[in-house]
Amino acid sequence: MWTKESLHDLVTEKLKDYLFIVVSNREPYIHSYSSGQIICQVPASGLTVALDPVMRACGGTWIAHGSGDADREVVDIDNKVSVPPADPRYSLRRVWLTKEEEEGFYYGFSNEALWPLCHIVYTKPVFSESDWNSYKQVNEKYAESILQEVGDRKAFVFIQDYHLALLSRLLREKNPAIVTAQFWHIPWPNRDVFRRCPWEAEILDGLLGNDLLGFHIRYHCSNFMDTVDTGIEAKVDWERYEITRGGRTTAIRPFPISVDFENISEGAKRDEVLAEIERLKKRLGIGDEKIGIGLDRIDYTKGIPERFKAIDCLFEKYPQYKGKIVFVQAGVPSRTHVKAYQLLNKEIDELVEEINWKYSEGHWKPIIWLREHCPPVTLEALMRMADYCVVSSLHDGMNLVAKEFVASRSDEDGVLILSRFTGAARELADALLINPYAIDHFAEAIRNALEMPFEERQLRMNKMREVVRENNIYKWAADIISDLVKFEAGR
Ligand code: GDG
């Protein structure tokens, strides 16, 4: 079983001569002003939630966009600050982007082109030449910051996600000795879909600057191999899952990301969490009702409207549940600058209003909608007080909420309703698996969750807990580092 200590030992032994650098767009800690004071927040992002414990164990430098309005106030002359603020374990080096760069690189090419292209949930990607230029420019800016940080030392740079597809190639051109691995946190679609990107060749070439390229599941690896096979000049080795281009080879591997199981499991038992459950129930007016929860970034890939439609369908079919159950949806606003997200927020508001109007009786209403960024203790309380948790993504690389829910249930209770179209569904076979597009079937799954006897809930939860305990976030990081070291040694 991998722990933070064994990961630390692995890094000390295998990467002892190397500087360890993680790069991502989103930063793990954001400093901002609140009522004239500087506060530090943890963003709602699967990537940063997963990597923070890895960095705490490994040390090193995390390079990311400084997006908080007080971020500049707390850094030193190298744009660095030690984090986590209460117990510093590693350095966060901030990259500054102009408003125009944020618009074109982040909102534009990353989130209006690549995100919908890779998720295929019927939101059309928008390909704009100026967004693409901005994307290239920002990737160059990141490269400069990394090269400065590395200097003439040996370095292992671990690049995150779809915002930085060109980075490894840029680093390699300037400093071929840098070892890079990249993890793509979202799905990789089939080649016919990816072909629609006008800059397909540049993106594929950029990603093949890496020594190792990871996806959550093998299916995404195969889709990538296939896209390269038909998209650009390269030798694709299906036996070894390796691609050679321009004389250098990239290994393509699946690494299912995970959570810090022990920490979440132990944390959920704290008195503070139990007190928060009481506080929440009082605040939300919840009494003896059975509780369902949803907890997401508000994103059109997460299947939030489908979830509410299933609840509507449940009450249509089984009106006896009126007054007996309640569904708490916590949703943290995300990318609201993008039109598709504005439309989604409007759709969600209208659906909640319509369903609550249709079924509410006296003080009771079926859906409690919390559109806010919840502090960690509130998330822990929600997970712990739920009778069932719904993860209904229309498509999701992994989905950490599903694994966090399982990890938090040290009481061995609670039912997970999980979309088949998440990476997590490959591992969590004891969840109630659903197709979120099939609303009737989805409503039946909620009924099953509500009626499931304790023995079955316990059996399923324990099996899922075993899977997440064993395949925790430290194993994910250790597997990547071990594969990279093996691959480098075999060159
Ligand atoms: C991408 C991929 C992949 C949610 N609300 C709040 C909050 N959260 C936290 C959750 C969870 C994280 O945000 C969301 O993680 P997901 O994995 O579900 O989703 P994405 O952000 O889309 O992540 C995904 C992931 O990368 C990792 O590879 O699993 O497939 O899309 O940790 O608990 N956190 C706080 N307040 C909230 O209100 N603090």
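Start at K302: select its side chain and you'll find a polar atom 3.0 Å from an oxygen atom of the ligand, a polar contact (a pair of N or O atoms within 3.5 Å). Before going on, note that this is a predicted model, where local features need pLDDT of at least 70, side-chain atom pairs count only at pLDDT 80 or more, and totals for chains, interfaces and linings use all residues. Residues are numbered from 1 along each chain as its sequence is written, and side-chain values use heavy atoms, with hydrogens and water left out.

Now show the backbone. At C374, an N or O atom sits 2.8 Å from a nitrogen atom of the ligand; at L400, a backbone N or O atom is 2.8 Å from a ligand oxygen atom. Taken alone the ligand exposes 740 Å², and the protein buries 95% of that (Shrake-Rupley accessible areas, 1.4 Å probe).

Next, select the whole shell, meaning residues with a heavy atom within 4 Å. You should get 25 residues, the closest being H185, R297, C374, D396 and E404. Colour them by class: 13 are nonpolar, 7 polar and 5 charged, with Cys counted as nonpolar and Gly as polar.

Zoom out and colour by domain, using bounds from an automatic or database assignment: domain 1 (4-258 + 473-489) and domain 2 (261-470). Contact between them (heavy atoms within 4.5 Å) takes 32 residues from domain 1 and 25 from domain 2. Where does the ligand lie? Both domains give residues to its shell, so the ligand lies between them.

Notes: Polar contact = N/O pair within 3.5 Å; in protein donor to acceptor, adjacent residues only side chain to side chain.
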